[in-house]
Amino acid sequence: MYCNLQESGWAHAMSEQCLPGEAAQGIADLSTPNTIRLKDPAALQAALSAAPFHRWLGIQVAAVSHDRVELTMPWRDELVSNPVRQTAHGGILASLVDLSGFYALLSTGVAVRATADLRVDYHRAATPSALRTRSRVVKTGRRICVADTEVLDPTGILLASGRGAYLTE
């Protein structure tokens, strides 16, 4: 089931009314942000899928562990910024770095509110194939948390890497 986040609000979009039962059970009461812990892949996927941009990208949760998250994204023709070389726009890779780091922190129970800083290094052009991210929590603090992310092609070649700093409550 789909609920419009802007119309219904975050807590409602994450409720049992909008999520499949198993996913809703994995999400704590979002009215108390410090209790959020999305360690269950279904709950993390449900939270990720609440945003229209994330759904458009087609991002899927591949793995969740204590302080790590892996996401996958299928190739879409709309990602191409250079039609001659068939390469993805760098903003897509930056978005993957940002989102993957953000959700790695959410999976640890940190109440992330926004991205404070983002640094991305581009190592190779992303060409038509699925993309995979691997994020690792570096530091959790009272106000700022940090996560590192790698964006890889299906063979494990590093396409981009980055570090995000995120504001918390």
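Visitor: What makes the side chains along β2 an alternating set?

Guide: In this predicted model, Val69, Leu71 and Met73 of β2 point to one face and are buried, while Arg68, Glu70 and Thr72 point to the other and are not buried. In a regular strand the side chains alternate between the two faces of the sheet.

Visitor: How do you know that β1 and β2 pair, and in which sense do they run?

Guide: Pairing needs at least two bridges. Strand β1 (residues 60-64) is joined to β2 by 4 bridges, and the two run antiparallel. One of the bridge partners is Leu71 in β2, opposite Val61. With 3 residues between them, β1 and β2 form a hairpin.

Visitor: Which residue in β6 is the bridge partner of Met73?

Guide: Leu131 is that partner. β2 and β6 are paired over 6 bridges in the antiparallel sense. Both Met73 and Leu131 are among the residues with the most contacts inside the largest nonpolar core, which has 35 residues. Helix α6 (90-107) gives the most to this core, with 11 residues. Contacts of Leu131 include Leu71, Met73, Leu93, Leu96 and Leu159.

Visitor: Why is Gln45 called buried?

Guide: Buried means under 20% relative accessible area. Gln45 is at 14%, so Gln45 counts as buried. Gln45 belongs to helix α4 and touches Ile59, Gln60 and Val61, leaving aside residues up to four places away in sequence.

Visitor: Why is the pair of Phe53 and Trp56 called stacked?

Guide: Ring centres must lie within 6.5 Å, and planes under 30 degrees apart count as stacked. The centres of Phe53 and Trp56 are 6.3 Å apart and the planes are at 15 degrees, so the pair is stacked. Both residues lie in helix α5 (residues 52-57), 3 residues apart.

Visitor: Are these two residues buried or partly exposed?

Guide: Partly exposed lies between 20% and 50%. Phe53 has a relative accessible area of 38%, so Phe53 is partly exposed. Trp56, with 35%, is therefore partly exposed as well.

Visitor: What makes the pair of Phe102 and Tyr166 edge-to-face?

Guide: Planes over 60 degrees apart count as edge-to-face. Here the planes are at 75 degrees and the centres 6.1 Å apart, so the pair of Phe102 and Tyr166 is edge-to-face. Phe102 is in helix α6 and Tyr166 in strand β8, so the pair ties together parts that are 64 residues apart in sequence. Both Phe102 and Tyr166 are buried, and with Tyr103 they form one aromatic cluster.

Visitor: How do you know that the charged end of Arg76 sits over the ring of Trp56?

Guide: The distance limit is within 6 Å of the ring centre. The charged end of Arg76 is 4.1 Å from the centre of the Trp56 ring and sits over that ring.

Key: Residues are numbered from 1 along each chain as its sequence is written. This is a predicted model: local features need pLDDT of at least 70, side-chain atom pairs count only at pLDDT 80 or more; totals for chains, interfaces and linings use all residues. Side-chain values use heavy atoms; hydrogens and water are left out. A nonpolar core is a set of buried Ala, Val, Leu, Ile, Met, Phe, Trp, Tyr and Cys residues joined through side-chain atoms within 4.5 Å. Buried means under 20% relative accessible area, exposed over 50%, partly exposed in between (1.4 Å probe, protein chains only). Contact means heavy atoms within 4.5 Å. Rings of Phe, Tyr and Trp (its six-membered ring) pair if their centres lie within 6.5 Å; planes under 30 degrees apart count as stacked, over 60 as edge-to-face and the rest as tilted. A charge sits over a ring if NZ of Lys or CZ of Arg is within 6 Å of the ring centre and within 35 degrees of the ring normal.
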